[in-house]
Amino acid sequence: MKVVVVESPAKAKTINKYLGRDYEVLASFGHIRDLPAKDGSVDPEADFSMVWEVDSRSSKHVSEIVRAVKGAEKLILATDPDREGEAISWHVLDTLQKKKALKDVKVERVTFNAITKESVQKAMAQPREIDQALVDAYLARRALDYLVGFTLSPVLWRKLPGSRSAGRVQSVALRLVCDREREIETFVAREYWSLVATLATQDGAQFDARLVGADGKKITRLDIGTGEEAEAFKRDLDIASFDVAKVEAKPAKRHPQPPFTTSTLQQEASRKLGMAPAQTMRVAQRLYEGIAIGGETVGLITYMRTDGVDMDPSAIHGARAVIGREYGDAYVPGVPRKYATKAKNAQEAHEAVRPTDLGRLPGQVARYLDAEQTRLYELIWKRTIASQMESAELERTTIDIAARVGPRVLDLRATGQVVKFDGFLTLYQEGRDDEEDEEAKRLPPMSSGDPLSRKRIAANQHFTEPPPRYSEASLVKRMEELGIGRPSTYASVLQVLKDRDYVAIEKKRLVAQDKGRIVIAFLEAFFKRYVEYDFTADLEAQLDRISNHEIDWKQVLRDFWHDFSAAVGETKDLRTTQVLDALNDYLGPHIFPPREDGGNPRACPSCADGILSLKIGRYGSFIGCSNYPECRFTRQLSASADGDGEGGQPGTRILGTDPQTGLEVSVRDGRFGPFIQLGEQQEGGDKPKRSSIPKGTSPGDVDLEMALALLSLPREVAKHPETGEPILAGIGRYGPYVQHQRTYANIGRDDEILSIGANRAIDLIVTKETQGPGRRGGGDPGRELGKDPDSEKPIVVKAGRYGPYVTDGKTNATLPKGLEAEGIDLEKAIELIRAKQASKGGKGGNKGGKKPASKASASKASTAKKPAAKSKAATTKAAGGKAKTTKTTKTTKTTKAKTTKAAAVKSKAAEAGSGGGA
């Protein structure tokens with residue numbers, strides 16, 4: 001028997017079908033061990049010795065592998081073909097060697113770029129040893145990340161309460177977002193004007209031309225800076241005569257982009273599909289590991305973590321065949337296109353991300369895929385096919401026009417572009433982040449000397465705009481340009497920044513949050529070198545050199561630790577005032593914006609001579625007065641220039657006044673998150689009314705109207721069709737809910753709370769009443785993902801009290817952190833349920849594959865073994881058991897009655913709820 005180890009059960013299932021009975025394919029479920037999250041896991045004093053630990057989740061997978069290799073002929077490590085995959089294989093091998101489980105067992109390492117029968121069988125015929133240089137690069141990266149995180153984060157916790165963590169790559173990525181925010185805040189808009197003449201040919205065809213010169217001098221975009229200058233030009237153009245000075249038409253070509261790398265796939269999926277990088281990689285992983293199509297499980301795309309843009313010759317041939325068949329011979333270039341990789345590390349420069357079989361058109365496989373998989377596969381297929389198509393042929397026309405006013409000549413220009421042959425554009429055009437595509441417009445035919453008539457002259461005022469905030473796609477692109485991190489890490493880095501609340505996504509853009517900006521301000525002030533782009537990129541280059549057998553990995557660690565540990569030591573004696581002064585200077589434009597009256601932005605608005613400064617409190621940072629405690633003025637960090645955000649407590653933003661009570665409505669930062677409050681706490685009085693802010697809603701997006709609506713909760717949304725009692729909607733400890741008497745049902749999405757209608761509310765309550773108490777996720781019927789191929793049971797994802805979970809009706813498996821209910825597919829759900837079932841089966845020492853005894857049979861066996869004289873307790877217990885059985889029968893009848901009752905109630909609900917939106 002030959003034992004094959006891969007990372008995931010889905011990959012194992014696919015490969016097992018290709019290899020046959022002589023092979024047993026097992027999954028390691030990712031890394032089987034890691035550095036324990038505590039001090040000493042990496043010891044610089046012992047030449048960076050590393051302590052690895054197999055966690056409880058992985059121990060059962062390791063035991064399964066150990067069982068399988070005992071007496072096996074061969075162990076084949078077939079993890080992914082990158083640095084991380086090499087590391088997983090090394091961990092498995094090292095663990096098995098330490099357990100002395102490989103006696104007389106031959107070990108081989110194989111890699112394949114696609115999970116197809118041909119690729120896997122070819123890889124099995126070409127084994128190799130583990131590449132120690134790739135492993136060394138992994139060890140160096142892991143040690144660096146540990147040393148930075150476990151050394152720098154405690155410094156942040158001591159000096160900046162409320163901070164979460166710092167990381168080697170995440171902090172530099174955060175700096176990019178924060179630097180862009182500073183650029184926006186310090187940007188000074190500049191006024192400029194443009195003049196556009198709408199002209200007509202002798203045939204009456206109209207077009208626009210812009211003023212580009214006057215009196216023999218060029219006029220650039222910002223040269224006309226005032227309305228007076230623009231008006232002077234407009235007066236001359238209003239009385240000028242126009243004629244064509246020159247017509248120039250030039251042919252041009254646009255060439256297709258290369259097939260996807262990891263980073264370009266993440267960028268385009270973000271632009272075109274609205275997918276976050278982490279979501280893109282999760283869906284791509286499923287397409288790579290295998291999808292059941294026509295009774296066969298096959299990987300639909302090649303490995304998705306790659307820096308390479310090259311394609312296998314057979315894939316290029318296949319693409320050209322598809323192009324000729326689907327689009328015609330005119331779209332097939334004379335010679336195949338070859339693209340050169342820009343990857344710095346040739347070891348990771350694998351083939352581009354492409355379909356394994358380009359003959360599988362998106363429309364043919366769509367019925368086997370879920371919606372996300374379909375969209376991503378189509379994007380990859382189109383990009384790959386387009387990369388081998390003929391170039392687009394364009395014609396760019398420039399017409400220079402003379403406007404004559406007496407002896408004066410003003411120069412205007414009209415430009416146009418038409419597509420003569422669309423080429424690859426018929427299938428695919430790369431998206432852009434921060435600029436619009438030039439509008440392809442056709443100019444009317446004209447010749448030099450043709451007179452033109454004036455229709456109208458427009459003078460338009462403009463202002464320069466600050467650089468846009470990064471989208472997830474443009475941040476990934478910028479990180480790649482700077483050499484920060486590696487494409488395989490971008491998704492996880494962005495996810496960490498969001499999980500730490502260092503950045504938020506607003507209108508598809510990354511917005512630096514106060515917590516993140518303070519962390520970067522601190523690092524810039526006291527650890528500047530370690531958040532510099534060049535330093536981080538250089539460190540990545542050294543890791544690449546390690547993987548290329550060029551330098552020793554421990555020497556890289558020694559050089560880094562020597563300077564880094566010294567920098568950390570210098571912060572131990574930092575006084576709080578030093579930290580605050582540095583943060584005040586760095587964050588000045590953000591926390592002390594210029595005042596409209598030109599006054600000192602740091603002057604306290606409450607007292608005469610106080611100076612505002614950043615303060616560090618128990619729950620984070622806020623702005624306070626230097627005259628504390630005499631002056632108790634405080635506000636949150638992000639205050640506008642007009643003083644918005646003042647309040648009696650840190651982190652308070654006044655939204656306005658409640659028209660009914662006359663009390664102030666405010667958004668506040670609390671110990672357990674932001675909330676809305678009506679009025680202030682009076683000494684000896686009742687607590688003011690408060691409301692939580694629904695999950696997913698940014699506190700900055702809450703206005704007075706929304707706040708008043710949330711404060712009005714709980715609100716009546718319907719009458720129960722049977723009792724006539726009100727059904728209320730509100731937000732509680734576990735999120736939004738609807739309530740009828742003592743029955744509560746969770747609302748699936750937080751944003752429904754202000755818009756949920758009568759039909760939906762009644763349906764949730766009736767469903768919960770039908771199910772009865774104690775059922776997990778009672779109010780949420782869930783979303784069916786499909787049927788379990790083994791048991792034929794429907795697999796459903798639901799919103800539970802403690803978060804979303806999947807269930808087959810018997811086993812419930814909570815979704816891991818970072819996986820949203822909207823993003824899970826059937827394969828992943830089955831994997832989670834299988835893992836949960838395995839963990840249950842593994843408890844209690846169940847050995848030999850026997851089915852564990854039920855509690856009832858175990859109880860009987862225990863009772864039978866006891867002497868009759870000592871069985872009083874057992875008799876009582878048995879009687880209790882009988883009573884319980886009777887009760888169960890009664891409950892079953894009650895449930896049937898409730899089900900019948902529910903049908904009637906729902907029938908009434910259809911009539912009673914017809915007036916409310918669902």
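Of the 13 residues in helix α9, 11 are buried, so the helix is largely enclosed by the rest of the structure. That is a handy way into this model, which is a predicted one. The buried residues of α9 are Pro277, Gln279, Thr280, Met281, Val283, Ala284, Gln285, Arg286, Leu287, Tyr288 and Glu289. The helix itself runs over residues 277-289 and reaches 18 Å from its first C-alpha to its last, close to the 18 Å expected at 1.5 Å a residue. Just past the end of α9 comes glycine 290, with a positive phi of about 130°.

Stepping back to the whole chain, the secondary structure adds up to 24 helices and 35 strands. There are 918 residues in the protein chain, and 47% of them are buried. Contacts often reach a long way along the sequence: taking pairs of residues at least 6 apart, 65% of the contacts join residues at least 24 apart. As for the outside, the accessible surface comes to about 46,600 Å², and carbon and sulfur atoms account for 49% of it.

What about the inside? In soluble globular proteins, nonpolar side chains tend to be buried together. Here the largest nonpolar core holds 101 residues, and those with the most contacts inside it are Leu75, Leu96, Met479, Phe522, Leu523 and Phe527. Helix α5 (residues 132-159) supplies the largest share of this core, with 13 residues. Looking at methionine 479 and setting aside its neighbours within four places in sequence, its contacts are Val169, Ala173, Leu176, Ile484, Tyr490 and Val493. A second core, separate from the largest one, has 61 residues, including Ala27, Met311, Val322 and Val365.

Aromatic rings make up the next part of the picture. A pair of rings is described by the distance of the centres and the angle of the planes. The count for this model is 16 aromatic pairs. One of them joins tyrosine 327 and tyrosine 331, a tilted pair with 6.4 Å centre to centre and 55° between the planes. The two partners differ in cover: tyrosine 327 is partly exposed, with a relative accessible area of 27%, while tyrosine 331 is buried, at 15%. Another tilted pair is made by tryptophan 561 and phenylalanine 564, at 6.1 Å centre to centre with 50° between the planes. These two residues sit three apart in helix α17 (residues 553-570), which means that about one helical turn separates them. Tryptophan 561 and phenylalanine 564 are both buried. They also belong to a cluster linked by ring pairs, whose members are Phe522, Phe526, Phe527, Tyr530, Phe535, Phe560, Trp561 and Phe564. Phe522 and Phe527 turn up again among the residues with the most contacts inside the largest core.

Two arginines lie over aromatic faces as well. Arginine 180 is placed over the face of tyrosine 470, 4.3 Å from the ring centre. Arginine 182 does likewise over the face of tyrosine 586, at 4.0 Å from the ring centre.

One lysine rounds things off. Lysine 798 belongs to strand β33 (residues 794-800). With a relative accessible area of 14%, lysine 798 counts as buried, because that value is under 20%. Between the C-alpha atoms of lysine 798 and threonine 814, which are 16 residues apart along the chain, the separation is 9.6 Å.

Definitions and conventions
Residues are numbered from 1 along each chain as its sequence is written. This is a predicted model: local features need pLDDT of at least 70, side-chain atom pairs count only at pLDDT 80 or more; totals for chains, interfaces and linings use all residues. Side-chain values use heavy atoms; hydrogens and water are left out. Rings of Phe, Tyr and Trp (its six-membered ring) pair if their centres lie within 6.5 Å; planes under 30 degrees apart count as stacked, over 60 as edge-to-face and the rest as tilted. Buried means under 20% relative accessible area, exposed over 50%, partly exposed in between (1.4 Å probe, protein chains only). Helices (H or I, at least four residues) and strands (E, at least two) are DSSP runs, numbered from the N terminus. A charge sits over a ring if NZ of Lys or CZ of Arg is within 6 Å of the ring centre and within 35 degrees of the ring normal. The expected span of a helix is 1.5 Å times one less than its number of residues. Contact means heavy atoms within 4.5 Å. Accessible areas come from the Shrake-Rupley method with a 1.4 Å probe; for residues, only the protein chains shown count as cover. A nonpolar core is a set of buried Ala, Val, Leu, Ile, Met, Phe, Trp, Tyr and Cys residues joined through side-chain atoms within 4.5 Å.
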